[in-house]
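Dear colleague,

I am passing on the structure we spoke about, and below it you will find what came out of going through it. Please read the notes with the coordinates open beside them.

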Amino acid sequence: MTRRDFLKVAGTSSIALGAVAATGCSLNKSNTNDTTLDVEGGKMEYRTNSRNGDKVSLLGFGCMRWPMITGKNGEKDKIDQDAVNKLVDFAYKHGVNYYDTSPAYLQGQSETAAGIALSRYPRKSYYIATKLSNFNTWDKDASLRMYHDSFEQLRTDYFDYYLLHAIGGGGVDVFNKRYVDNGLMDFLMKEREAGRIRNLGFSFHGTQDAFDYFIALNDKYHWDFVQIEMNYQDWQHAQAPDNVNADYLYEQIDKLGLPIVAMEPLLGGRLVNVPANIADKLKEREPQNSIASWAFRFVGSYPRVLTALSGMESMGPLEDNLNTFRHFKPLNADEIKLLKDLADIMDKNPTIPCNYCKYCMPCPYGVNIPEIFKHYNRAINEGFKAESKEQADYQKLRRKYLISYDRAIESLRQANHCIGCHQCEPHCPQTIKIPTELKRIDNYIEKLKRGTLEA
């Protein structure tokens with residue numbers, strides 16, 4: 001018996017997914033089943049991966065946004081391990097058993113922190129997902145070192161779910177250089193046969209042509225799962241042409257019968273900090289539930305989704321998400337239509353599509369790119385971005401934007417320090433023209449300061 005067979009988990013009884021219709025995508029093809037298991041404080045929602053029997057919590061813990069301690073005297077920020085342990089303890093105790101990390105997250109610190117926190121529990125009681133994040137070098141030896149280092153950092157001798165990280169950027173040619181021409185795909189397939197990789201898949205950001213190519217490779221590589229950006233905004237409003245609508249991605253993966261890991265169900269927080277008129281409509285429907293719960297219920301309403309990742313860097317979001325998934329209720333057709341209508345409205349909102357992943361960091365010149373974009377988007381969503389001197393409350397809005405900007409981002413890390421080196425741009429999964437956007441924000445701020453803003 002191989003390790004892969006040995007580690008299979010026996011399936012338990014399933015319950016039917018709540019009826020969801022008129023979604024624009026088939027919801028009746030599924031190789032996953034819903035179950036609930038008693039855990040402390042309620043019943044966690046689980047999905048069964050019918051390909052291997054894994055019973056996975058529908059809420060997955062994304063380890064890209066661990067709590068950090070700000071570095072002093074030029075030192076880089078460090079993960080707050082005590083805080084991480086407390087978060088993992090609470091999540092684990094309440095039924096979360098899927099933890100997703102990468103050698104690239106948090107400047108190389110995420111895997112180590114995850115390994116410390118998780119190794120305190122029986123290895124077979126949780127699933128580890130990590131990635132071959134060889135963005136900076138496609139050399140085989142360097143990539144193999146990254147692969148083997150992940151075992152050490154995560155304190156394990158096998159990976160439950162292993163991903164080729166963010167393929168699609170640069171298209172098919174870059175994929176071949178990163179994984180095929182150097183023999184890495186052959187190596188990874190042998191590792192899967194040996195049981196050190198239980199499930200081999202990929203995460204995707206890119207064009208439709210690239211995605212179609214990678215999906216077609218299923219005949220050769222026999223993917224075990226696919227990780228995609230999936231939420232009610234990207235369902236039909238992904239930033240084309242460099243990203244693909246999630247309804248198309250879901251449909252193609254569904255045809256192959258592969259489990260889906262949903263990343264960015266909250267769009268890096270943008271589907272929590274929605275414009276006030278959007279929040280009001282959701283609160284009218286369910287005043288007792290959070291705005292975030294709507295986004296998670298949307299993703300969880302699609303049966304091909306095995307788990308939905310959330311980067312929970314504090315106890316508040318963790319408790320809220322646990323509440324959603326311990327009392328999980330799929331959306332009905334009317335609720336899905338509501339979210340799609342709201343997505344149409346938000347698509348016209350001039351925010352920057354930053355998901356706060358921090359792949360662009362660190363900036364060699366110290367610019368705090370994600371915080372600048374986060375502040376700008378918050379000003380739009382909360383209605384305190386001054387648009388012209390003709391506004392009746394222009395001076396109030398002008399003052400609020402400038403003061404809040406200085407409080408959110410220290411002066412040496414503001415947009416005016418961007419020199420346009422473009423080193424950040426290739427790392428952005430959303431293909432944001434980062435220096436262009438920083439320049440635009442800086443020009444806007446200068447006009448506010450000088451009192452020269454025109455309509």
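Between domain 1 and domain 2, the count of residue pairs in polar contact, with both residues at pLDDT 80 or more, is zero, and the count of salt bridges between these two domains is zero as well. Please keep in mind here, and throughout, that this is a predicted model. The domain assignment places domain 1 at 3–347 and domain 2 at 369–450, and their centres, taken over C-alpha atoms, are separated by 30 Å. To the contact between them domain 1 contributes 10 residues and domain 2 contributes six residues. The two domains bury about 700 Å² between them, with 40% of that area coming from carbon and sulfur atoms. On the domain 1 side, the residues that lose the most area to domain 2 are Asp242, Asn243 and Asn273, which together account for 37% of what that side buries.

Turning to the interior, the largest nonpolar core has 89 residues, and the members that touch the most others are Trp66, Leu188, Met230 and Tyr232. Helix α12 supplies the largest share of this core, namely seven residues. Apart from it there is another core, of 31 residues, which includes Val367, Ala386, Ile445 and Leu453. As a general background to such groupings, nonpolar side chains in soluble globular proteins tend to be buried together. Helix α12 itself spans residues 291–300, and 10 of its 10 residues are buried; among them are Trp294, Phe296, Arg297 and Phe298. Methionine 230, if one leaves aside its neighbours within four places in sequence, is in contact with ten residues' worth of surroundings that include Trp235, Tyr250, Met263, Glu264, Val299 and Tyr302. To put that last point more plainly than my wording did, the contacts of methionine 230 beyond its neighbours within four places in sequence are Trp235, Ala246, Tyr250, Ala262, Met263, Glu264, Pro265, Val299, Tyr302 and Val305.

The charged pairs come next. How many salt bridges does a search of the whole structure find? The search finds 20. In one of them, aspartate 89 pairs with arginine 120, and their closest N and O atoms are 2.6 Å apart. Aspartate 89 belongs to helix α2 (residues 81–93) and arginine 120 to the loop between α3 (110–118) and β8 (127–132), so that distant parts of the chain, 31 residues apart, are linked. Aspartate 89 is partly exposed at a relative accessible area of 25%, and arginine 120 is partly exposed at 41%.

A salt bridge also joins the side chains of arginine 304 and aspartate 254, at 2.8 Å from N to O. Because arginine 304 sits in the loop between α12 and β13 (305–310) while aspartate 254 sits in helix α10 (residues 246–256), the pair ties together parts that are 50 residues apart in sequence. Both arginine 304 and aspartate 254 are buried. Glutamate 286 and arginine 297 form a further salt bridge, at 3.1 Å from N to O, in which glutamate 286 comes from the loop between α11 (276–285) and α12, and arginine 297 from helix α12, 11 residues apart. Glutamate 286 and arginine 297 are likewise buried. Elsewhere, Asp54, Arg123, Asp160 and Arg198 are joined into one network by salt bridges that share partners.

Two loop residues may be worth a look. Lysine 385 lies in the loop between α15 (369–381) and α16 (394–408). Is this lysine 385 buried or exposed? With a relative accessibility of 14%, lysine 385 falls under the 20% cut-off and therefore counts as buried. Its contacts, apart from neighbours within four places in sequence, are Tyr376, Ala379, Ile380, Leu397, Tyr401 and Tyr444. Histidine 327 is in the loop between α13 (315–326) and α14 (333–346), and its side chain reaches the backbone oxygen of asparagine 323 at 3.0 Å. Between histidine 327 and cysteine 363 there are 41 Å in space, C-alpha to C-alpha, for a separation of 36 residues in sequence.

Finally, some notes on backbone geometry. The peptide bond from methionine 361 to proline 362 is cis, with omega near 0°, and proline 362 is located in the loop between α14 and α15. Alanine 166, in strand β9 (residues 161–167), has a positive phi near 55° although it is not glycine, and at 13% relative accessibility alanine 166 counts as buried. Histidine 222 also has a positive phi, near 55°; histidine 222 lies in the loop between α8 (218–221) and β11 (225–229) and is partly exposed, with a relative accessible area of 45%.

With kind regards

Definitions and conventions
Residues are numbered from 1 along each chain as its sequence is written. This is a predicted model: local features need pLDDT of at least 70, side-chain atom pairs count only at pLDDT 80 or more; totals for chains, interfaces and linings use all residues. Side-chain values use heavy atoms; hydrogens and water are left out. Buried means under 20% relative accessible area, exposed over 50%, partly exposed in between (1.4 Å probe, protein chains only). Helices (H or I, at least four residues) and strands (E, at least two) are DSSP runs, numbered from the N terminus. A nonpolar core is a set of buried Ala, Val, Leu, Ile, Met, Phe, Trp, Tyr and Cys residues joined through side-chain atoms within 4.5 Å. Contact means heavy atoms within 4.5 Å. Domain bounds come from an automatic or database domain assignment. Buried area is the accessible area (1.4 Å probe) that two parts lose on being put together, summed over both. A salt bridge is a side-chain nitrogen of Lys or Arg within 4 Å of a carboxyl oxygen of Asp or Glu. A polar contact is a pair of N or O atoms within 3.5 Å; within protein, one must be able to donate a hydrogen and the other to accept it, and residues adjacent in sequence count only if both atoms are side-chain atoms.
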